[in-house]
Amino acid sequence: QVTEDLSVLAEGILRATVRRALDTVNRSSNSTPGFCVLAFGKLGGGELNYSSDIDLLAVLDESGANNRERAELYSRVVEMMVTDLSRHTEEGTAYRVDLRLRPYGAAGQSVHTLFALEEYYKNSAEIWEIQALLKLRPVAGDAKLGKQTADQAHAFLREAYLADDIASSIRRMRTKAHHQLFRRSLAAATTTDIKSGPGGIRDIEFLVQGLQLMHLKNHPSLLEGNTLAALDKLVDEKVLEREVADGLAEDYRFLRRTEHFLQLYDDRQTHSLPRQSEDLEALGKRVSESAETTANAFGARLERCRERIEHAFNTYLPKTSSKHTSS
């Protein structure tokens, strides 16, 4: 409920920001013809946490495909949107905006046409980029264009991908995240980071998304951006056993709750557990809502949770020897 409420709030603020930017740039605050913003990631899945970035994609309708002036106009809308959301003020910052999941990442254009998106995902996108489309949904601007864009993007998810290629792609992303943690804070960060470390939040998300990609062609109902809802659908389609899915859902809620308190405690984006015993105990008491919780008890609960997650990840997304092929 908390992640859903935070997502609804962010979506409302984003819509108001887009309207403001359009009003400033083209003096039309009552409509947003031919322009929309879609969300990837946690906002796309309706599961935003307290200090999440918001991952966005801006799209222009085809009438602007050959109109440089119009494309530049809506690039200014995107620039203003990002500035308004991420500017540091006396009241703080609304949201950090990340546009790197768009085609070509940071080097890509700020606004894409439907045709350009189709060409990219058909000819250039890698499997991890197709995977990201599982959470893509329209959140602001022209609703009709947003739906058309999402429908077109989701069609690429129904392509047949080899299970080995999907598993290999996900394991490479996982290994890369572990290496980044190791380089940032040496070995300790790999075990204290509850998002990207072994048995962390990302392991559940990657496992769920991997299974969705593997089975979506034969089971269209698996097109679901929310992690907990997707777990239920994997059970409905007999991809996961109910006991396994319920266990993953319980562990996911526990880690996300821990993540919330970590970020509220320091008022910053962090996923690393405190290293001092008294700080870990304070965190455990907040998460468990019990004054009796000790650092050792909370640490042991976290360790059991992460062991279960890592076991499920390795069981249902086994290591493969196949080489990755681009989509």
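**Exercise 1. How are α4 and α6 oriented to each other: roughly parallel or roughly antiparallel?**

Solution. The model is a predicted one.

Step 1. Locate the two elements: helix α4 covers residues 114-123 and helix α6 covers residues 143-155.

Step 2. Take the geometry of the pair. The helices α4 and α6 pack at an angle of about 15 degrees, and their axes are 10 Å apart.

Step 3. Apply the cut-off: angles under 35 degrees count as roughly parallel. Therefore α4 and α6 are roughly parallel to each other.

Step 4. Add the hand of the crossing, which is right-handed for α4 and α6.

Step 5. List the residues in contact. From α4 these are L114, L117 and E118, and from α6 they are L145, Q148, T149 and Q152. Sorted by class, the contact of α4 with α6 has three nonpolar, three polar and one charged residues.

**Exercise 2. Determine how α9 and α10 are oriented and which residues meet between them.**

Solution.

Step 1. Helix α9 spans residues 201-215, and helix α10 spans residues 227-236. Their axes come within 10 Å and cross at roughly 45 degrees.

Step 2. Compare this angle with the classes. Angles under 35 degrees would be roughly parallel, and those from 65 to 115 roughly perpendicular. The helices α9 and α10 are therefore oblique to each other.

Step 3. The crossing of α9 and α10 is left-handed.

Step 4. On the α9 side, the residues are I204, E205, V208, L211 and Q212; on the α10 side, they meet T227, A230, L231 and L234. By class, six nonpolar, two polar and one charged residues make up the contact of α9 with α10.

**Exercise 3. Find the buried residues of α10 and explain where they sit around the helix.**

Solution.

Step 1. In α10, the buried residues are T227, A230, L231, L234 and V235.

Step 2. These residues cover an arc of only 145 degrees around the axis, so they are on the same side of α10.

Step 3. Ask what this set of residues touches. The buried residues of α10 pack against α9 and against α11, which runs over 242-266.

**Exercise 4. Describe the packing of α9 against α13.**

Solution.

Step 1. The axes of α9 and α13 come within 9 Å and cross at roughly 25 degrees. This makes α9 roughly parallel to α13.

Step 2. The crossing of α9 and α13 is left-handed.

Step 3. D203, I204, F206, L207 and L211 of α9 make the contact with I309, A312, F313 and Y316 of α13. By class, the contact of α9 with α13 has eight nonpolar residues, no polar ones and one charged.

**Exercise 5. Which loop holds K238, and which loop holds E289? Describe the backbone and the exposure of each residue.**

Solution.

Step 1. K238 is in the loop between α10 and α11. E289 is in the loop between α12 (277-288) and α13 (295-316).

Step 2. Look at phi. K238 has a positive phi of about 60 degrees, although it is not a glycine. For E289, also a residue other than glycine, phi is positive and near 55 degrees.

Step 3. Apply the cut-off for exposure, which is over 50% relative accessible area. K238 has 74% relative accessibility and so counts as exposed. With a relative accessible area of 67%, E289 is exposed.

**Exercise 6. Place P198, R286 and Y74 in the structure, and compare their positions in sequence and in space.**

Solution.

Step 1. P198 is in the loop between α8 (187-192) and α9. With a relative accessible area of 23%, P198 is partly exposed. P198 and E307 are 109 residues apart along the chain, and their C-alpha atoms are separated by 8.4 Å.

Step 2. R286 is part of helix α12. With a relative accessible area of 38%, R286 is partly exposed. Apart from neighbours within four places in sequence, R286 is in contact with R257, F261 and Y265. From R286 to E69, the separation is 217 residues in sequence and 53 Å in space, C-alpha to C-alpha.

Step 3. Y74 is in helix α3, residues 68-86. With 4% relative accessibility, Y74 counts as buried. Y74 and E281 are 207 residues apart in sequence, and their C-alpha atoms are 50 Å apart in space.

Key. Residues numbered from 1 in each chain as written. Predicted model: local features only at pLDDT ≥ 70, side-chain atom pairs only at ≥ 80, totals over all residues. Heavy atoms only, no water. Axes fitted to C-alpha atoms, helices over the stretch in contact; angles between N-to-C directions. Helix = DSSP H or I, 4+ residues; strand = E, 2+ residues; numbered from the N terminus. Parallel < 35°, antiparallel > 145°, perpendicular 65-115°, else oblique. Left-handed = near helix turned anticlockwise from the far one by under 90°. Contact = heavy atoms within 4.5 Å. Nonpolar A, V, L, I, M, F, W, Y, C, P; charged D, E, K, R; others polar. Buried < 20%, exposed > 50% of the residue type's maximum accessible area, 1.4 Å probe, protein only. Arc of directions from axis to C-beta.
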